[in-house]
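Open the model in a viewer and have the selection tool ready. The stops below are meant to be taken in order.

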Amino acid sequence: MPVELIGNGYGKSAVRLVTVRRHQEKNELKDITVAIRLEGDFGSAYSEGDNSRVLPTDTMKNTVYAFAAEHPFDDIETFGLLLSDHFLRESPPAASARVELTEHLWERLDPHSFRRSGGERRTAVVTRTRDGVCVTAGIEDLVVMKTSRSAFEGFPRDRFTTLPETPDRLLATSVSATWVYARQDLPFGELWLEVRRRLLEAFAEHDSRSVQHTLHAMGEAVLEGKESGGGMAEVEQIHLAMPNIHHIPVDVSRFGLDDRREVFVATTEPFGLIEATMRRARTSGER
């Protein structure tokens, strides 16, 4: 029986790009990683070895560098929109062009010096088809901890349950968040900072009954923002992933010491992983 190709895609990944915009008063630094993926009518390259429809991935890499020189950008979303438009136009067989961008953040020390800001990263994905474009932004590895106002009680127990209930525990996580913008003509940098601010504020202020409980409060702060002057209409929906980075109390009473629950062991594996996608509730007439 003959085989059938039912899906394909190709592109260039891990394109490293650093730009320095030199101004008289100060320099502007951008450090990003770009991935490009095309999907469409490229079947003959797979089945017949016909490369006549395949834009070389080396060309994609070179385009990233050329566009960075020709089109200075402030926000990775803007750069992704430019690249996706170019690749869809330059590759007629493509049905979609997807550009993923990760910005490695640097903190300014003086007008010409910078320090890498830990592991936190700003992300964006621009997916463009012949019918339209979708812009998604995000944060990765936003590491946070609550040392109080966090509990986990009232969960079901069976014969394998050994976890004790606790009204007060450490809650640590590395937040990964992605959100979908309603439009593409937006001040992406300002909006990214505002989403980040709301997530952090909600995490700090929430009386947590579980990671799930706090995750919901953080998503709600972005979409509804009851304590932040209203919801962000520019954001259509948000996805949050929050691993529970466990900190196990050490019983120092075994050493003849007063145990004040101030000493913990930080563990990396295994860990719980809590995820959810949220959007505003829709009326019965909406889809």
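This tour of a predicted model goes from strands to backbone geometry, then to a helix and to salt bridges.

**Strand β7 and its neighbours**

Select residues 235-244, which make up strand β7. Of these 10 residues, 7 are buried, and the strand is mostly covered. Now add residues 171-181, strand β6. The two strands run antiparallel and are joined by 6 bridges. To find the register, pick Thr178, which stands opposite His239 in β7.

Next, add strand β10, residues 272-279. β10 is also antiparallel to β7, with 8 bridges between them. Met242 can serve as the marker here: its bridge partner in β10 is Ile274.

**Backbone geometry**

Move to Pro270, in the loop between β9 (264-266) and β10. The peptide bond joining Glu269 and Pro270 is cis, with omega at about -10°.

Two residues with positive phi come next. Select Asp141 in strand β5, residues 133-146. Its phi is near 55°, a positive value in a residue other than glycine. Is Asp141 buried, partly exposed or exposed? It counts as partly exposed because its relative accessibility is 31%.

Then select Arg261, found in the loop between β8 (247-249) and β9. Arg261 has a positive phi of about 55° and is not a glycine either. With a relative accessible area of 44%, Arg261 is partly exposed.

**Helix α4**

Select residues 188-205, helix α4, and place a distance label between the C-alpha atoms at its ends. How far apart are these end atoms? They are 26 Å apart, which agrees with the 26 Å that 18 residues should span at 1.5 Å a residue.

Colour the buried residues of α4: Phe188, Gly189, Leu191, Trp192, Val195, Arg198, Leu199, Ala202 and Phe203. When looking down the axis, recall that an α-helix has 3.6 residues a turn, so residues three or four places apart point the same way. The buried set includes Leu191, Val195 and Leu199.

**Salt bridges**

Side chains of opposite charge can pair when their charged atoms come close. The structure holds 24 salt bridges, and three of them are visited here.

Start with Arg122 and Glu103, whose closest N and O atoms are 4.0 Å apart. Arg122 is in strand β4 (residues 113-129) and Glu103 in strand β3 (residues 94-110), so the pair, 19 residues apart, links distant parts of the chain. Both residues are buried.

Go next to Arg209 and Glu153, a salt bridge with its closest N and O atoms 2.9 Å apart. Which parts does this pair tie together? Arg209 lies in the loop between α4 and α5 (211-223) and Glu153 in the loop between β5 and β6, so the pair ties together parts that are 56 residues apart in sequence. Arg209 is partly exposed, with a relative accessible area of 46%. Glu153 also counts as partly exposed, at 35% relative accessibility.

The third pair is Arg260 and Asp258, whose side chains meet in a salt bridge at 3.9 Å, N to O. Arg260 counts as exposed, at 54% relative accessibility. Asp258 is exposed as well, with a relative accessible area of 56%.

For the last stop, select Lys30, Asp75, Glu77, Glu103 and Arg122 together. Salt bridges that share partners join these residues into one network.

Terms used
Residues numbered from 1 in each chain as written. Predicted model: local features only at pLDDT ≥ 70, side-chain atom pairs only at ≥ 80, totals over all residues. Heavy atoms only, no water. Buried < 20%, exposed > 50% of the residue type's maximum accessible area, 1.4 Å probe, protein only. Helix = DSSP H or I, 4+ residues; strand = E, 2+ residues; numbered from the N terminus. Pairing = 2+ DSSP bridges. Expected span 1.5 Å × (residues − 1).
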